[in-house]
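User: I am new to this structure and would like a close look at one part of it. Please take the side-chain contacts and the strands that carry them.

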Amino acid sequence: MNLSGQSIVITFNRTYVFTWMRLTVQDIADISRSKLQFSKTTSITSKTDCLNQKYFLVDNSTLDIQCDLTEAIQTVILTGTGQTSLCSLYINGGRNVALKQRARQTSTYANLILYDASNGIDGNTNSNIGVGSCTHTEQELKPMWTVTFPLSENTRYVIYNRDSIMDRLAKFILVGENSVQERFDYKDSSDTGLPVYIVIDAAKHNLTKVNINSSTAYLTLCEVEIYGEFYI
């Protein structure tokens, strides 16, 4: 975080989808006059405004700000006269809505619990296939892994590959769906496979299910994190 004159600049080490921000302040009136902007990079020369900005008063010293953004951002800029009133700042990118939810896969290697579908959402990102925290299908045509969860507005997918034979996950397809046919599609373009994949859904689709399909004969996932917000 950088404090410069009447601006506070927060820069992340990679891009995120912004959902909302919480400010704790000494004077709500001061901070509500501040301007919230974003940049897609670490530079602040080209800024995007907070679209459809909404304020939610939590209590007499806490204010939530929500924006509708269509792109991932890397820098947050808060400008105005109220910065001296700021006590704390929290930026939310969503919770892991897939954690400990219901998972299944089209087959399980040797029918061993060691490779169960639930290993992909157990909270353990260890990429060693032998420690019992990765999924693994049998050899088959178009193997698939699925997780279902309560309706949520999703922003980001983080997929942890195994630490060996990583190319088996190359060119995977991710499809998110819900009961009214809202859909998010992503196809990987890597040829060799990556240790970790980060997929951004800047449109924030409302989903209840995510499928991951392999383009090879096996599918192994060591963890799948889906960040969003549950509807209550």
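Is K35 buried, partly exposed or exposed, and what is its relative accessible area? Please start there and then go on to strand β17 and its surroundings.

Analyst: The model is a predicted one. In it, K35 has a relative accessible area of 44% and is therefore partly exposed. The side chain of K35 meets that of D49 in a salt bridge, with 3.9 Å from N to O. This pair links distant parts of the chain, since K35 belongs to strand β4 (residues 35-39) and D49 to strand β5 (residues 48-49), 14 residues apart. D49 has a relative accessibility of 37%, so this residue also counts as partly exposed.

Another salt bridge leads to strand β17. R95 and E229 form this one, and their closest N and O atoms are 3.9 Å apart. Because R95 lies in strand β10 and E229 in strand β17, the pair ties together parts that are 134 residues apart in sequence. The relative accessible area of R95 is 45%, which means that R95 is partly exposed.

Strand β17 covers residues 223-230, and seven of its eight residues are buried. Strand β10 (residues 95-96) pairs with β17 in the antiparallel sense, over two bridges. Within that pairing, N96 has Y227 of β17 as its bridge partner. Strand β12 (residues 144-160) also pairs with β17 in the antiparallel sense, here over eight bridges. Opposite Y227 in β17 stands R156. The two residues also meet through their side chains: the charged end of R156 sits over the ring of Y227, 4.2 Å from the ring centre. Y227 is thus named in three places, as the bridge partner of N96, as the residue opposite R156 and as the ring under the charge of R156.

Back to the salt bridges: the count comes to seven. One of them joins the side chains of R22 and D64, at 2.7 Å from N to O. R22 is in strand β3 (residues 20-25) and D64 in strand β7 (residues 62-66), so this contact ties together parts that are 42 residues apart in sequence. The two ends are not covered alike, for R22 has a relative accessibility of 30% and counts as partly exposed, whereas D64, with 10%, counts as buried. Elsewhere, salt bridges link E177, R183, D185 and K209 in a network.

The aromatic rings are the last topic. A pair of aromatic rings is described by the distance of the centres and the angle of the planes. A search of the whole structure finds seven aromatic pairs. Among them is the tilted pair of F18 and F38, with 4.8 Å centre to centre and 55° between the planes. F18 lies in the loop between β2 (7-16) and β3, while F38 lies in strand β4, so the pair ties together parts that are 20 residues apart in sequence. F18 counts as buried at 2% relative accessibility, and F38 is buried with a relative accessible area of 0%. Y109 and Y115 form an edge-to-face pair, 5.6 Å centre to centre and with 80° between the planes. Of these two, Y109 is partly exposed, with a relative accessible area of 33%, and Y115 is buried, with a relative accessible area of 13%. Finally, F172, Y186 and Y197 form one aromatic cluster.

Notes. Residues are numbered from 1 along each chain as its sequence is written. This is a predicted model: local features need pLDDT of at least 70, side-chain atom pairs count only at pLDDT 80 or more; totals for chains, interfaces and linings use all residues. Side-chain values use heavy atoms; hydrogens and water are left out. Buried means under 20% relative accessible area, exposed over 50%, partly exposed in between (1.4 Å probe, protein chains only). Helices (H or I, at least four residues) and strands (E, at least two) are DSSP runs, numbered from the N terminus. Two strands pair if DSSP finds at least two bridges between them. A salt bridge is a side-chain nitrogen of Lys or Arg within 4 Å of a carboxyl oxygen of Asp or Glu. Rings of Phe, Tyr and Trp (its six-membered ring) pair if their centres lie within 6.5 Å; planes under 30 degrees apart count as stacked, over 60 as edge-to-face and the rest as tilted. A charge sits over a ring if NZ of Lys or CZ of Arg is within 6 Å of the ring centre and within 35 degrees of the ring normal.
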